[in-house]
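Hi,

Here's the structure I promised to pass on. Have a look at it first, and then read on for my notes.

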Amino acid sequence: MIEKRLYIKTYGCQMNMYDSGRMADILKPLGYSLIETPEGADLVILNTCHIREKADEKVYSDLGRIRPYKDDKMVLAVAGCVAQAEGAEIMRRAPYVDLVFGPQTYHRLPEMIARAHRSQDKKSGPGRGILDVEFPLESKFDHLPQEHTGVGPSAFLAIQEGCDKFCTFCVVPYTRGAEYSRPVQAIYEEASRLVDCGVKEITLLGQNVNAYHGVLGANECGLGKLMEHLSSIKGLERLRYMTSHPRDMDEELMIAHRDVPQVMPFLHLPIQSGSNQILETMNRKHTREHYLKIIEKLRTYRPDIALSSDFIVGFPGETDQDFEDTLNLVSEIGYAQAYSFKYSPRLGTPGAVMDNQVPEDVKSDRLERLQDLLNVQQQTFNELSVGKTLPVLLDRKGKKEGQLLGKTPYLQSVYVESSPRLFGECVNVTIEKAFANSVTGTILTQESVLK
Ligand code: SAH
Ligand code: SF4
Ligand code: F3S
């Protein structure tokens, strides 16, 4: 088999990272191995994100940068959510792109590449690109390989995809399609294979991961039950999940945080805004009070649970008072970390054509104030862990020699001095110093705590 070089650049969310990994898995039997730069690659895939305007523009500037490296043998592909949303536009603006395919058709990559080579051989000139942005009836998951290449101690596993919620700001229902849950058995098998490859922590992924619904035996199986089921896999030490929607936070899932030891005490639960008026125009279909109730309940089951959220500032019609309501919600809850964005109008979504768009300078000002508050909360959360001894999964190599990076149960990044042999182990670390985005500490035991 001829060795071929593959370069993949991933933009956007964890689901895209998972998809990129699976593309590499599909291409491995064809002789492709990953390289770090597009230069000299036989196949370049840009796995794109459409969520905000900036993410979108990046694709065209990156295409322009890669173009000079493109020779006769290089196949250039655009995948992911921009491909799904504006595939035809990409082929018009960048006719040198060979393949454009969406998130639901990448299992067809081998045949698409073969077709691209055939049309290259014929030298049929510009406009010969292949576009595949179908939402096929059969699920791509049924066609993905059983092999997993290049997985580390912590891995992603997609269990649910797509979204039927149609928040008025969001493109995801259009780019990822309708909600779909994979069968329990397929998930269990994939998780077991990952653990066989040395994975200790699995993050279950979905655009609405807690809307997951499967069948186990004769019973319905939601995310809480699924995690309990997966916890029987020997060697699987940690379970996480994202992203959850407040409307789908059921009792069983909350109780899993108390009863299933592998389920980590961390929850990313986006609220977007603290104002009921804005939540309504966003079509979130939940209120501030509903969200606060969930948090209160969760804290009764798991008092130490660390919380995270996404926020959008400057959604159409957001008044100073609406924004103050977001700030006071943040103060009331106390987040361990969070993401916040300026509203970015997306073509084809209802928000883009709403009256009362908020001026850019107001959005910037609000974002700065919100981020200042969130940064203080994150720093405070990190400071509160100083002096504690926490189990840390050492899942990355540090930049410095003799340094490893890991994660606490609360998803804080930890830097430690360590022998490289502890890479992939879960060790007890006494936290010594807190920073804005990380903590440092000393390993207490040199042995894995969970063996
Ligand atoms: N499914 C997840 C989030 C998907 S998108 C959920 O329901 O929460 C990730 C985050 O991007 C969103 O939570 C939102 O905060 C942000 N986002 C989505 N569309 C956006 C837009 N048009 N402008 C700014 N931020 C946006
Ligand atoms: Fe987008 Fe809303 Fe669906 Fe999340 S729930 S993916 S924000 S439409
Ligand atoms: Fe972006 Fe698509 Fe993920 S739009 S955030 S890559 S689902």
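Around ligand 3 you'll find C13, N16, T48, C49, H50, I51, C81, R176 and Q207. Sorted by class, that shell comes to four nonpolar, four polar and one charged residues. Keep in mind that this is a predicted model.

Ligand 2 has its own set of neighbours: C163, K165, F166, C167, F169, C170, V172, P173, N208, H245 and R284. Here the split is seven nonpolar, two polar and two charged.

Back to T48 for a moment, since this neighbour of ligand 3 also belongs to strand β3, which covers residues 43-48. How many of the residues of β3 are buried? Six of the six are, so the rest of the structure largely encloses the strand. In a regular strand, side chains alternate between the two faces of the sheet. In β3 both faces are covered: L43, I45 and N47 are buried on one side, and V44, L46 and T48 are buried on the other.

Now the sheet that β3 sits in. It is an open one with six strands in the order β2-β1-β3-β4-β5-β6, and the pairing is parallel. Its edge strands are β2 and β6 (130-132), each of which pairs on one side only. On average, neighbouring strands of this sheet are turned by 20° against each other, ignoring direction.

Going through some of the pairings:

- β1 (residues 4-10) runs parallel to β3, and five bridges join the two. I8 stands opposite I45 of β3.
- β3 is also joined to β4 (residues 75-79) by five bridges, again in parallel. L43 stands opposite V75 of β4. To get from β3 to β4, the chain passes through helix α2 (residues 53-66), and this β-α-β crossover is right-handed.
- β1 pairs with β2 over three bridges, in the parallel sense. K4 stands opposite Y32 of β2.

One loop residue in this region may be worth a click. E39 sits in the loop between β2 (32-34) and β3. Is E39 buried or exposed? Its relative accessibility is 51%, and since the cut-off for exposed is over 50%, E39 counts as exposed. The C-alpha atoms of E39 and P68 are separated by 9.1 Å, with the two residues 29 apart along the chain.

On to the domains. According to the domain assignment, the protein chain has domain 1 (4-132), domain 2 (152-264) and domain 3 (389-443). How far apart do the C-alpha centres of domain 1 and domain 3 lie? The answer is 35 Å.

There is a barrel to look at as well. Five strands close it in the order β17-β18-β19-β21-β20, with mixed pairing. From one strand to the next, the twist averages 55°. Within the barrel, β18 (residues 403-407) and β19 (residues 413-417) run antiparallel and are joined by five bridges. The bridge partner of G406 is V414 in β19.

If you only have a minute, start with β3: it is buried in six of its six residues, it is bridged to both β1 and β4, and its residue T48 is among those around ligand 3.

Cheers

Technical notes
Residues are numbered from 1 along each chain as its sequence is written. Chains are lettered from A and ligands numbered from 1 in the order in which they are written. This is a predicted model: local features need pLDDT of at least 70, side-chain atom pairs count only at pLDDT 80 or more; totals for chains, interfaces and linings use all residues. Side-chain values use heavy atoms; hydrogens and water are left out. A residue is near a molecule or strand if one of its heavy atoms lies within 4 Å of it. Ala, Val, Leu, Ile, Met, Phe, Trp, Tyr, Cys and Pro count as nonpolar, Asp, Glu, Lys and Arg as charged, and the others, Gly among them, as polar. Buried means under 20% relative accessible area, exposed over 50%, partly exposed in between (1.4 Å probe, protein chains only). Helices (H or I, at least four residues) and strands (E, at least two) are DSSP runs, numbered from the N terminus. Two strands pair if DSSP finds at least two bridges between them. A crossover is right-handed if, with the strands pointing away from the viewer, the path from the first strand over the helix to the second runs clockwise. Domain bounds come from an automatic or database domain assignment. Axes are lines fitted to C-alpha atoms, for helices over the stretch in contact, and angles run from 0 to 180 degrees between N-to-C directions.
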